[in-house]
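Visitor: Please take a close look at the salt bridges of this model.

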Amino acid sequence: MRRVGGAILAVLLVVGVLAAIGVGTNWFGLVNQTVAVSGVIGSEKRPFFEDPQVQAIFADNGYEVSIETAGSRQIATEALAEASYDFAFPSSAPAAAKINAEQEVIGTYDPFYSPMVLATFAPIAGLLTEAEVVSQANGVYSFDMSAYLELVKNDTRWTDLPGNTDGSIYPADREILITSTDVRRSNSAAMYLSIVSYVENGGRVVTTAAEEQAVLTILQRIFLDQGFSASSSEGPFNDYLTLGLGKAPIVLAYESQFLDRQIRNDGSIRDDMVLMYPSPTVLSEHTLLSLTPNGDAVGRLLVENPELQRKLAEYGFRVPDRSVFDSVLTEKGVAVPPDVVDTVDTPSYETLERLIVELERLYADAGAPAPDPSAEGDASGDTTTQALHQSSQP
């Protein structure tokens with residue numbers, strides 16, 4: 001009996017060892033399995049989701065996350081009607097509110113946000129300071145949106161500015177316009193619309209039909225007078241980085257775009273490049289709306305997992321715990337940006353949609369071509385961005 005018992009024990013021991021090896025290598029499919037989760041997101045978040053380190057963190061927690069990209073407007077109106085997803089992750093609070101009202105949403109999560117900013121150059125900031133549009137305190141540039149709109153209304157040219165009448169600083173006899181994306185496609189342009197409409201409406205969010213009509217004239221000037229506009233914010237921001245002030249002296253951007261480049265320290269942000277904070281500005285709020293329990297788990301991880309929060313900060317996004325954001329920038333040798341307090345709310349989704357539809361009509365009346373339907377709005381990153389960012393990480 002002792003011999004039989006010993007033999008049985010030996011067999012059980014061998015089986016246990018083999019089982020342990022099998023489990024560790026997933027022979028039996030008992031562990032290390034990941035659940036597939038799909039989401040539709042604003043494409044400025046694509047580099048983050050495609051980062052191998054981010055994918056590994058999700059996998060360690062049992063999830064394989066795949067994403068498709070679309071503009072916030074398309075997410076709210078088309079994408080969720082055409083396909084099934086576990087979560088939706090637009091870049092716009094109005095789009096998130098529309099989704100929340102029309103879909104069976106399990107939960108909402110706000111893992112990060114990014115203020116809208118203006119990327120420019122020191123000589124341009126100096127000219128606008130002399131023109132009393134820009135002010136500086138403690139190294140932070142503030143851009144007076146009301147003063148800027150007065151320049152636009154007066155058809156002010158760069159060579160009209162004090163200190164540049166001879167074109168010695170910026171030799172371009174053209175309107176002083178901020179370069180934005182196409183408002184018919186891009187969330188960042190919709191954020192710009194929100195700022196301008198608020199200022200033009202006497203410091204109030206546009207809510208009525210009469211107010212919508214009253215702000216259309218200035219909106220037409222700031223958008224249509226630009227001529228061609230890219231559908232993705234990566235377009236004008238790349239022009240800013242590579243072509244200099246000759247192409248676009250002032251570019252609307254997400255703060256995260258500028259900080260992301262500084263964090264990488266890849267040489268694309270030069271000493272003469274500066275960031276200006278519009279006064280007022282808008283926070284681009286990124287809300288994940290979970291549509292299934294698995295999507296809800298991803299939303300919870302993005303908010304609660306410290307590794308994911310740090311990775312978000314490494315892409316220049318402001319996370320809820322300011323100390324995480326500040327510590328990442330400090331470690332990377334990047335100046336910590338200020339708290340942004342002069343912010344305004346966006347109009348409702350319905351108001352934004354009506355204003356954009358009216359601008360679409362004005363574009364058509366002017367003979368402007370419709371935006372490429374295959375182009376993705378909301379983008380502030382692409383696979384090249386992800387690859388460059390990844391290569392800069394330790």
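Visitor: To set the scene, what percentage of the 394 residues in the protein is buried?

Guide: The model is predicted, so local features need pLDDT of at least 70 and side-chain atom pairs count only at pLDDT 80 or more, whereas totals for chains, interfaces and linings use all residues. Residues are numbered from 1 along each chain as its sequence is written, and side-chain values use heavy atoms, without hydrogens or water.

Of the 394 residues, 51% are buried (under 20% relative accessible area, with exposed over 50% and partly exposed in between, for a 1.4 Å probe and protein chains only). The protein holds 16 helices and nine strands (DSSP runs of H or I with at least four residues, and of E with at least two, numbered from the N terminus).

The protein has 26 salt bridges, each a side-chain nitrogen of Lys or Arg within 4 Å of a carboxyl oxygen of Asp or Glu. One of them joins Glu102 to Lys98, at 2.7 Å from N to O. Both residues belong to helix α5 (residues 93-102), where they stand four residues apart, about one turn of the helix; Lys98 is buried, at 16% relative accessible area.

In helix α7 (residues 145-153), Lys153 and Glu150 are three residues apart, about one helical turn, and their side chains form a salt bridge of 3.7 Å, N to O. Lys153 is partly exposed at 37%, and Glu150 is partly exposed at 39%.

Asp266 and Arg264 pair at 3.4 Å, N to O. Here Asp266 is partly exposed at 36%, while Arg264 is buried at 6%. Elsewhere, salt bridges with shared partners link Asp51, Arg310, Lys311, Glu314 and Glu331 into one network.
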